[in-house]
Amino acid sequence: MSRIYIFFALILLAAIAAGMVRILRGPTAADRMMVAQLFGTCGVAILLLLAKGLDNMVLLDIALVFSLLAALATMTFVRRTWQGNDGEGADGYPS
Amino acid sequence: MDILHNAGMFFIILGLPFFLSGTVGLLRFPDIFTRLHALTKADNVGLGLIIFGLALQSDSWLMVARLFLIWLLVLIASSASCHLVARCAMQKKIQPWSRP
Amino acid sequence: MTLIMLFDILLVATLLWLAWRLLATEDIFKAVVLFISFGLLMALAWVRMRAPDVALAEAALGAGLTGPLFLSALRRMERIRKEERRVDTDEDRDDDVKAGNKRKETI
């Protein structure tokens with residue numbers, strides 16, 4: 001019965017692999033960063049499903065760390081890299 | 001016990017399409033704001049339904065508390081960062097997509 | 001058990017492809033985002049290798065802290081590079097104006 005959780009995790013991993021295309025193609029820097037955030041959430045879901053499927057509850061702590069640090073990357077990106085107009089070219093626009 | 005297990009499985013299966021539609025929306029939508037819309041649905045509702053299903057199936061209250069703590073953290077993270085991205089995109093005068 | 005094998009194969013293929021794109025791309029920002037996703041998937045790979053403690057460290061350090069540090073350093077690097085470019089053009093202009101006689105003295 002635990003195989004169905006592995007199957008769900010497999011579906012989510014396929015979703016991650018498909019979302020990779022947006023990193024390579026995304027026109028602005030924010031698109032790329034949003035994909036990284038979606039990866040974080042998908043990773044949390046995969047870890048939760050694997051914790052149930054493999055019957056290993058330690059994985060919940062890893063998911064906790066994932067969700068704790070999920071906000072950090074995007075916030076640093078917005079406050080440091082994207083905001084402020086003096087860093088032209090850093091925003092990744094095809095100028 | 002069995003009905004709780006089945007209900008949990010129902011919620012997990014209900015949550016999966018949100019993640020898939022989040023990915024598809026991120027790939028197919030035309031501009032930043034619509035992609036943010038797709039992303040937040042995957043973050044909040046998809047993970048929320050999966051966590052709700054797993055919490056129905058778990059057998060100790062400590063596990064339920066940990067699962068909901070994870071969901072709370074992801075909610076805070078995704079809402080705060082999506083708000084920041086959208087506000088910064090508005091400040092940068094990025095035009096929202098409209099039907100041509 | 002064949003399902004978990006499929007999971008592993010997809011995970012390894014995605015990791016390899018991600019590492020290749022990360023090393024081959026020219027845009028530094030794109031490489032940083034690819035690095036963050038690589039850290040996330042690497043944590044999943046450590047989980048599958050039955051090392052949850054290493055996965056915990058990878059999730060905290062590899063994806064959580066190194067990524068924002070890289071993003072912060074990227075901004076600073078852009079600023080430094082811009083200042084260097086401005087200094088370079090100023091020196092060029094000085095060289096054009098003084099038309100070489102200074103250089104003759106130094107040589």
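**Exercise 1.** State how many residues the contact takes from chain A and from chain C in this predicted model, and how much area is buried between the two chains.

*Solution.* The contact draws on 42 residues from chain A and 40 residues from chain C. Between chain A and chain C, about 3700 Å² is buried. Carbon and sulfur atoms give 80% of that area. On the chain A side, A:Leu10, A:Leu13 and A:Leu24 provide 16% of the area that chain A buries against chain C, more than any other three residues.

**Exercise 2.** Identify the salt bridge across the interface of chain A and chain C, and determine which helix of chain A gives the most residues to the side that touches chain C.

*Solution.* The rule finds 1 salt bridge across this interface. A salt bridge requires a side-chain nitrogen of Lys or Arg within 4 Å of a carboxyl oxygen of Asp or Glu. The side chains of A:Arg32 and C:Asp27 satisfy this with an N to O distance of 3.5 Å. The interface also has 2 residue pairs in polar contact. Helix 1 (3-25), helix 2 (29-53), helix 3 (59-68) and helix 4 (70-82) of chain A each supply at least two residues of the side that touches chain C. Helix 1 of chain A gives the most, with 12 residues.

**Exercise 3.** Locate the nonpolar surface patch that includes C:Leu61, and assess the confidence of chain C.

*Solution.* The patch is formed by A:Leu72, C:Leu61 and C:Leu65, with about 250 Å² of accessible area together. C:Leu61 belongs to helix 3 (residues 52-98) of chain C. Chain C averages a pLDDT of 83, and 82% of the residues score at least 70. Over residues 102-107 of chain C, however, the pLDDT is below 50. Beyond near neighbours in sequence, this stretch has 1 contact in the model.

Terms used
Residues numbered from 1 in each chain as written. Chains lettered and ligands numbered in written order. Heavy atoms only, no water. pLDDT = per-residue confidence, 0-100. Contact = heavy atoms within 4.5 Å. Patch = residues over 30% accessible without salt bridge, like charges linked within 9 Å, V, L, I, M, F, W, Y side chains within 5 Å. Areas by Shrake-Rupley, 256 points an atom, 1.4 Å probe, with all protein chains shown as cover. Helix = DSSP H or I, 4+ residues; strand = E, 2+ residues; numbered from the N terminus. Buried area = accessible area lost by both parts, 1.4 Å probe. Polar contact = N/O pair within 3.5 Å; in protein donor to acceptor, adjacent residues only side chain to side chain.
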